[in-house]
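Please open the model in your viewer and keep the selection panel at hand. The tour below goes from one selection to the next and says what is found at each stop.

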Amino acid sequence: MSALLEVRGVTRRFAGLVANDDVSFSVNEGEIVSVIGPNGAGKSTLFGCITGFLRPDRGRVLFGGRDITGLGADRICRLGVARTFQIVQVIADMTVLENVMTGAFLRHRGRREAGIHAMGVLEATGLAERRNQAGSALTIADKKRLEVAMALATDPRLLMLDESMAGLTPVELREIIELLRAVRKRGVTLVIVEHVMEAVMQLSDRVVVLNSGRKIVEGAPGEVVKDPAVIQAYLGERYRA
Amino acid sequence: MVRAAAAAAAVAAVLAFPALFGSPFPLHVAIMTLIYATLGVAWNIMGGYAGMFSFGTAAFFGIGAYTSTWLLTAHGVSPWLGLLAGGIVAALTAAAIGWPCSNLRGHYFAIASIAFAEIVRTHFNNWKLVGAAEGLMIPITPGGLRVFQWNQSKEGYYYVALVLLALALLACWAIARSRMGFYFRAIKESHELAMTLGISFVRWRLAAIMIAAFIAAASGTLYAQYVLYIDPESVLVLPISVQVVLVTMLGGAGSLPGPVIGAAVLVPLSEITRAQLGARGTGVDMILYGALITLISVYQPKGVHGFLAARLARRPAEPRAAAALEKPA
């Protein structure tokens, strides 16, 4: 079986700083893969290179066997890669339903069809009751949920989440972990860039660890946290057994 | 019930206006109000919905006026066909200028739109084919609907202006509830977010610019037929563009009736203050006008429509707002 997402030797520099240095990994259909690393490790740059917001200087990104390196973010979305933002983005003066419809219009041209599709996504993400609230009136946790719903409304094969769990209460965190498990059950593959280790440990099938722009370790979450290189680079003295 | 009755009364009043106020000045003010309302609707589609702040409406207004007038005076083409031709020329011009500008955002787009409009004005000022700075004169005919000209009374222009506004509003309404309207609002919120939802903002921004240009140009043809004489100073200058922005912002950008409300407040105000006070050359009319604009923008940044909507919605909205507040953040 070929990988759904394949990152091959991606390098990206910013004015002399190498933010990503020859990073390679792949994600299989149906997997949840987390990308972790300390601040400045190059996670967001890698995220940008995959989703079309940044162009890698070297290396290739393949999605479903197709080369998507350097394509525009909107084209990459149409091919089936959705994403959320580190700083949550919803359309403030639209209702929750309208926000999700905006995503649904990608594959449902008519207003009615888009509305029906959007309602289905709202049911699945637990936002149906809030459908008539303004996007701006939601709590941060619900905005993040809405962002996931908008992304899902574009019918992606791969959903990329950029630090979706930062700043949530333990209850909200548990809810969003539940939501992401449900998303995976729908057949959507997930790549998660995350700081919140609790979520990473619970959700991930595999973890890719970046440090100073390089991939240092890749493996099951239980193995990765025991890896001396990871402990030294990221988890710190506290986690040494 | 009350709203439906109010709407019916408003429509009746608008239709009967020429019969009630047959004298030239009120009718002139009404026609200018309708023209600016239509220009406001055009601007609203790209500025209010899609978030592209343009100060270049006059360029498309002028291109419409010039296209139909030149076709009429040089080739005897009916102004009705000229109206369509002007709309198409304006939309194509908008596409040609919008394409290289499609990556400009916020202030930069606004600056580029001013530059573009001034280039167009300068060009027409020196373009011999269309009379350069002397402009073009439309010959007087016996008049009638077929030739798009009325010389006995302004009524004909009033109704054409009304139909044009109605069509523009219909287009705006249809756009707002369709995929295009949703995409415009997404682009206005954030380019990044729009792209993430698979929206090609270059393509949809071009669509918004072209639609706005077409409507503005149609108004330009109407204006040319109304005044029968155009020159760059009367149809291509920056104050026209600014007035269009003001009409929309004051009425309520991003709402369907906003530009109509704004035009109904501002245009009579500016026409009347100018007629009453402008001739003395003291600038009192402009001072009054400026003071009102400042007041509305300070106290009602969502425009008159936002103010009215808030008043109408206050009662039913309260419980919902309270419920939203109860949920812990």
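Begin at Gly76(B), which sits just after helix H3 of chain B and takes a positive phi of about 70°. Bear in mind from the outset that this is a predicted model. Next, extend the selection backwards to H3(B) itself, residues 57-75, whose 19 residues reach 27 Å from the first C-alpha to the last, close to the 27 Å expected at 1.5 Å a residue. If you colour this helix by burial, you will find H3(B) mostly covered, with 16 of its 19 residues buried.

Stay in chain B and select residues 258-277, which form helix H12(B); its 20 residues span 28 Å from the first C-alpha to the last, close to the 28 Å expected at 1.5 Å a residue. Which residues of H12(B) are buried? They are Gly258(B), Pro259(B), Val260(B), Ile261(B), Gly262(B), Ala263(B), Leu266(B), Val267(B) and Ser270(B).

**The nonpolar core**

Now select Val100(A), Ile45(B), Ala208(B), Ala212(B) and Ala213(B) together, since these are the residues with the most contacts inside the largest nonpolar core, which has 170 residues. Helix H9 of chain B, residues 201-227, gives the most to this core, with 18 residues. As general background, nonpolar side chains in soluble globular proteins tend to be buried together. Centre the view on Ala208(B) and show its surroundings: leaving aside residues up to four places away in sequence, Ala208(B) touches Ile45(B), Met46(B), Ala50(B), Met52(B) and Phe184(B).

**Where the chains meet**

Turn next to the contact between the chains, which takes 19 residues from chain B and 24 residues from chain A. On the side of chain B that touches chain A, the elements giving two or more residues are helix H7 (179-189) and helix H8 (191-196) of chain B, and H7(B) gives the most, with five residues. Coloured by class, that side of chain B shows eight nonpolar, five polar and six charged residues.

**Chain A as a whole**

Hide chain B and look at chain A alone, whose secondary structure comes to nine helices and ten strands. Its C-alpha atoms fill a box of roughly 55 × 40 × 40 Å along the principal axes. The radius of gyration of chain A is 18 Å, which agrees with the value near 18 Å that a compact globule of 241 residues would have. Of these 241 residues, 47% count as buried, and among the contacts in chain A with a separation of 6 or more, 65% are between residues 24 or more positions apart.

**The antiparallel sheet of chain A**

Select the four strands of the open sheet ordered E2-E1-E4-E5 in chain A, where the pairing is antiparallel. The edges are strand E2 (17-27) and strand E5 (66-67) of chain A, each of which pairs on one side only. At one of these edges, strand E4 (residues 58-63) of chain A pairs with E5(A) in the antiparallel sense over two bridges, and Phe63(A) stands opposite Arg66(A) in E5(A).

At the other edge, pick Asp22(A), which lies in strand E2 of chain A and has a positive phi of about 55° although it is not a glycine. Is Asp22(A) partly exposed or buried? Asp22(A) has 14 C-beta neighbours inside 10 Å, so it counts as partly exposed. Then add Val23(A) and Arg214(A) and draw a distance between their C-alpha atoms: the two are 191 residues apart in sequence and 6.0 Å apart in space. Arg214(A) lies in strand E10 (residues 214-219) of chain A and is partly exposed, with 16 other C-beta atoms within 10 Å.

**The parallel strands of chain A**

For the last stop, select Asp155(A) in the loop between helix H5 (140-153) and E7 of chain A. Asp155(A) also has a positive phi of about 55° although it is not a glycine, and, with 18 C-beta neighbours inside 10 Å, Asp155(A) counts as partly exposed.

Follow the chain into strand E7(A), residues 158-162, where five of five residues are buried. Leu158(A), Met160(A) and Asp162(A) point one way from E7(A), whereas Leu159(A) and Leu161(A) point the other way. Strand E6 (residues 81-83) of chain A runs parallel to E7(A) and is joined to it by three bridges, with Ala82(A) having Leu159(A) as its bridge partner. E7(A) also pairs in the parallel sense with strand E8 (residues 189-193) of chain A over five bridges, and there the bridge partner of Asp162(A) is Val193(A).

Note on methods. Residues are numbered from 1 along each chain as its sequence is written. Chains are lettered from A and ligands numbered from 1 in the order in which they are written. This is a predicted model: local features need pLDDT of at least 70, side-chain atom pairs count only at pLDDT 80 or more; totals for chains, interfaces and linings use all residues. The radius of gyration is taken over C-alpha atoms; the globule rule is 2.2 Å times the number of residues to the power 0.38. A residue is buried if 20 or more other C-beta atoms lie within 10 Å of its own, exposed if 12 or fewer, and partly exposed in between; C-beta atoms are placed from the backbone. Two residues are in contact if their C-beta atoms, placed from the backbone, lie within 7 Å. The expected span of a helix is 1.5 Å times one less than its number of residues. A nonpolar core is a set of buried Ala, Val, Leu, Ile, Met, Phe, Trp, Tyr and Cys residues joined through C-beta atoms within 7 Å. Ala, Val, Leu, Ile, Met, Phe, Trp, Tyr, Cys and Pro count as nonpolar, Asp, Glu, Lys and Arg as charged, and the others, Gly among them, as polar. Two strands pair if DSSP finds at least two bridges between them.
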